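Biologist: Please take a close look at the largest pocket. What lines it, and which residues lie closest to its centre?

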Amino acid sequence: MCLTFYEVLLSKLQQVHYFLKKWPNLTSMSCKGNSNETLKRKVVYVYSPQYIETCDSLSKVPNRASMVHSLIEAYGLLQHMSIVKPHVATIEEMAKFHTDAYLEHLYKISQDGDNDDPQSGDFGLGYDCPVVEGIYDYAAAVGGATLTAAQCLLDKRGEVAINWAGGWHHAKKDEASGFCYVNDAVLGILKLREKYERVLYVDVDLHHGDGVEDAFSFTSKVMTVSLHKFSPGFFPGTGDLCDTGLGKGRWYAVNVPLDDGIKDDRYFQVFTSVMQEVQTLFNPEAVVMQLGADTMAGDPMCSFNMTPVGVAKCLRHVLDWHLPTLLLGGGGYNLANTARCWTYLTGTLLGQTLASEIPDHEFFTEYGPDYSLEISPSCRPDRNETKHLDTPAGVVLVVGKPRMCVRCIW
């Protein structure tokens, strides 16, 4: 690997020095790490029947939480984790990020499912975040579960903590957005910041993690990295590679915009190219990783063309840093494929090999007609395959001490 120096204009007003690193061709690698290290890893799984029942009520993904948990249980993975009951977040805990006005309004309309309150639109409540009875209780449950998982990491009860029903990364301080009523990822990061100086947020959801990026856009203590679809008219419309943070946080937001059809190998190549530099330059002390499953082949979003195997390789890369790591869910609208993905990821971090045949359990019939754990990519073309990606340098990192941004050349 060679390092070449250039001087370029970053903007009309500023020049920076940057390093152009020419990466050798990367090959696929096993998502299995050292078996002894994997078996020694302590994993906390946040769960209670009441929590799952509450999360099942979300209208955009009905019963998804139960499907995910039931499949994890059916594969016998619970016995390899410490199960911790989540607490319900108080309004004071959620107010560490969200405004009092937003939380109070959410509580008020949640009591009777009032869809006609004229103020609701000001708080992002309506079309993609409908008002339903009990929605405040749902937000408090999800926020509390992620806070519970983060606290377990602070208390060293586990090296990895999981809340698959969390990861709602679009919510802003004072408004709901994109099916997200609470930004539990931000709450988890703030909790980890009570102990860790530098926290890295990694988002591999199909959609840009705009709410989390916005929350920390002015600080250098949290770096946000998001790989996502970026296309005209595609929600949320942010996450261009020129979006790099503001003020003291400038260069601490890293965005990797991608086009439709990307598959496992190319995604992993891009992911590792970026994350190797991020880990070296930012040197995080803890990680929060959002693993939305709407990137899977077969998702109704019909965008990326990935499988759990590819995402597991990315997860394995982060876990190999041996840092306190909080894992969250996110998008995923083919419910069976989402359960397949997060169950496979759970098995990966536990070092467990899972049988291809879906075990008999409550939701067994949802996995037909093949009843297999695997997800097969479709024949959809990879729109990222351009002449630029054929060059050895797939990613250019612009660095000014200590500034950083990613320039993708496709």
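Modeller: Here is the pocket, followed by its setting in the chain. This is a predicted model: local features need pLDDT of at least 70, side-chain atom pairs count only at pLDDT 80 or more, and totals for chains, interfaces and linings use all residues. Residues are numbered from 1 along each chain as its sequence is written, and side-chain values use heavy atoms, leaving out hydrogens and water.

The largest pocket has a volume of about 240 Å³. A pocket here is an open set of points on a 1 Å grid over the protein atoms alone, where a 1.4 Å probe fits, with protein on both sides within 12 Å along at least five of seven lines. Lining residues have an atom within 4 Å of a point. Volume is the space filled by probe spheres set on the points, which are joined across faces, edges and corners.

The lining of the largest pocket has 16 residues. Closest to the centre are Glu159, Val160, His322, Leu323 and Pro324. Helix 1 (35-40) and helix 10 (308-319) each supply at least two lining residues. Helices are DSSP runs (H or I, at least four residues), numbered from the N terminus. By class, the lining has seven nonpolar, three polar and six charged residues. Ala, Val, Leu, Ile, Met, Phe, Trp, Tyr, Cys and Pro count as nonpolar; Asp, Glu, Lys and Arg as charged; the others, Gly among them, as polar.

Now the setting. The protein chain has eleven helices and twelve strands (E, at least two residues). Of its 410 residues, 58% are buried, meaning under 20% relative accessible area with a 1.4 Å probe, protein chains only.

Terms used: Buried < 20%, exposed > 50% of the residue type's maximum accessible area, 1.4 Å probe, protein only.
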